[in-house]
Amino acid sequence: MIVTSFFVEDDVAVKFVSWMRNYRQELSEYAPRLYKVHSQQQPGTQTFSLQVEVRDEAVADTWNTVVLPKISDELNARFGGKVLLFVSELKEVRL
């Protein structure tokens, strides 16, 4: 699973979510899910988590080298520095 976290300033949060809803068609092959993070909020910001399932490393590589830079470029063009992101790649540890 790849988790992309977004730190979004309050004044653009509604526009960001709207943009993500429209953009999800671009991500449909990854079965994206967007969550609002409720813990550890910084004043004046909201945090969102976009989670996508990746079944193999080739898909993860495509996400990291093609999809994520495109998302980042579009966010910068639309929101400037009001939306920041970082990515975590998770591998399940069987219990």
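Here's a quick briefing on the sheet, the helix packed on it, and the aromatic pairs. Keep in mind that this is a predicted model. The core layout is an open sheet of 4 strands with antiparallel pairing, and helix α2 packs on that sheet. On the aromatic side, the count comes to 6 pairs.

**Sheet and helix**

- The strands run in the order β2-β3-β1-β4, which leaves β2 (33–37) and β4 (83–89) as the edge strands, each pairing on one side only.
- From one strand to the next, the twist averages 20 degrees.
- β1 (residues 2–9) pairs with β4 in the antiparallel sense over 7 bridges; Val3 has Ser88 in β4 as its bridge partner.
- Helix α2 (residues 57–79) touches β1, β3 (45–52) and β4, and its direction makes about 170 degrees with that of β4.

**A stacked pair on the sheet strands**

- Phe7 and Phe86 are stacked, at 5.7 Å centre to centre with 25 degrees between the planes.
- Phe7 sits in β1 and Phe86 in β4, so this pair ties together parts that are 79 residues apart in sequence.
- Both rings belong to partly exposed residues: Phe7 has a relative accessible area of 34%, and Phe86 comes in at 39%.

**An edge-to-face pair between helices**

- Phe16 and Phe79 meet edge-to-face, 6.4 Å centre to centre and 65 degrees between the planes.
- Phe16 is in helix α1 (residues 13–23) and Phe79 in helix α2, so the pair links parts of the chain 63 residues apart.
- Phe16 is buried at 0% relative accessible area, and Phe79 also counts as buried, at 10%.
- Phe16 and Phe79 form one aromatic cluster with Phe6 and Phe48.

Notes. Residues numbered from 1 in each chain as written. Predicted model: local features only at pLDDT ≥ 70, side-chain atom pairs only at ≥ 80, totals over all residues. Heavy atoms only, no water. Pairing = 2+ DSSP bridges. Helix = DSSP H or I, 4+ residues; strand = E, 2+ residues; numbered from the N terminus. Axes fitted to C-alpha atoms, helices over the stretch in contact; angles between N-to-C directions. Contact = heavy atoms within 4.5 Å. Phe/Tyr/Trp six-rings, centres within 6.5 Å; stacked < 30°, edge-to-face > 60°. Buried < 20%, exposed > 50% of the residue type's maximum accessible area, 1.4 Å probe, protein only.
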